[in-house]
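Hi there,

Here is the structure I promised to send over. Have a look at it first, and then read my notes underneath.

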Number of protein chains: 2
Amino acid sequence: MASLGDLERSVMSLLWDGGQRLSANEVRDQLDESLAVTTVLTVLSRLEKKGMVHRERSTRPHRYAATASREEHTVEMLNEVLGTVPDREAVLARFIGGVSDSEATALRKILSK
Amino acid sequence: MASLGDLERSVMSLLWDGGQRLSANEVRDQLDESLAVTTVLTVLSRLEKKGMVHRERSTRPHRYAATASREEHTVEMLNEVLGTVPDREAVLARFIGGVSDSEATALRKILSK
DNA sequence: CGGGATTTCTACACATCGTAGAACGTTGGT
DNA sequence: ACCAACGTTCTACGATGTGTAGAAATCCCG
């Protein structure tokens, strides 16, 4: 459902990193890429329809912000992927078997809390 | 890269679960859905191009098998998703914070090995 | 009220996917 | 050796998603 194209992803990245409430023009300027503002507006509208950005319609240049943090969204993606298999745990076991030692240590710590 | 459509996913599911080396006809029969065999063949060819199935060209009805297990493939997907973010661990921390108690226990056990 | 800024509408090209007919290749049986 | 049945490849079409942006409508400051 929430799969993104390249430009969509760039825009989300900006909203995620850069903080908050950008206008279409600001997005265009920060992506630079010499895009037409209408292009950016189209993309923002599509992202809004996908529920990934919130649009502030009250202000005059409308302002846009991500509805979920990058981490929240990514976790959702992970769960979506895991939802395609019959045995979550089998996949997780294999996944964890492949992580680096340092990451494994970090995971242990998180789980021990 | 390896995103699948609905029919493609059904076919992969069959190859993953059902075990091994099915012919196009067998795939069609087991999916039933009254599909044309050519449809199944098209899908299998596309899956081959994506590197997800291996085709045995020596036998007369060609036979198809998944190149990776469902778990292997899904782990690849997980890593692909995690590759889109700058901070894997932040995402994993959040992910683990949201799993069920029983799953957390299972993960602890896997990590302690 | 007029004109620049902003947003919405419409549109097109391109890729992917489900779908399958038409054409082509292969092979066993007579 | 030939044909008929079966299997594979080629080609194609409609639907959907995405990048791209012009044209048209809307809005607000001065």
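A polar contact here is a pair of N or O atoms within 3.5 Å; within protein, one must be able to donate a hydrogen and the other to accept it, and residues adjacent in sequence count only if both atoms are side-chain atoms. With that in mind, a phosphate oxygen of DNA strand C lies 3.3 Å from a polar backbone atom of Ala36(B). Another backbone contact to a phosphate oxygen of this strand comes from Leu7(B), at 2.6 Å, while Lys50(B) uses a side-chain N or O atom at 2.9 Å from a phosphate oxygen.

Please keep in mind that this is a predicted model: local features need pLDDT of at least 70, side-chain atom pairs count only at pLDDT 80 or more, and totals for chains, interfaces and linings use all residues. Residues are numbered from 1 along each chain as its sequence is written, chains are lettered from A and ligands numbered from 1 in the order written, and side-chain values use heavy atoms, leaving out hydrogens and water.

Now to the protein partners. Chain A puts 32 residues in contact with 32 residues of chain B (contact means heavy atoms within 4.5 Å). There are four salt bridges between the two chains, taking a side-chain nitrogen of Lys or Arg within 4 Å of a carboxyl oxygen of Asp or Glu. One of them joins Arg88(A) to Glu103(B), 2.9 Å from N to O. Four residue pairs are also in polar contact across this interface, both residues at pLDDT 80 or more.

Happy to chat whenever suits you!
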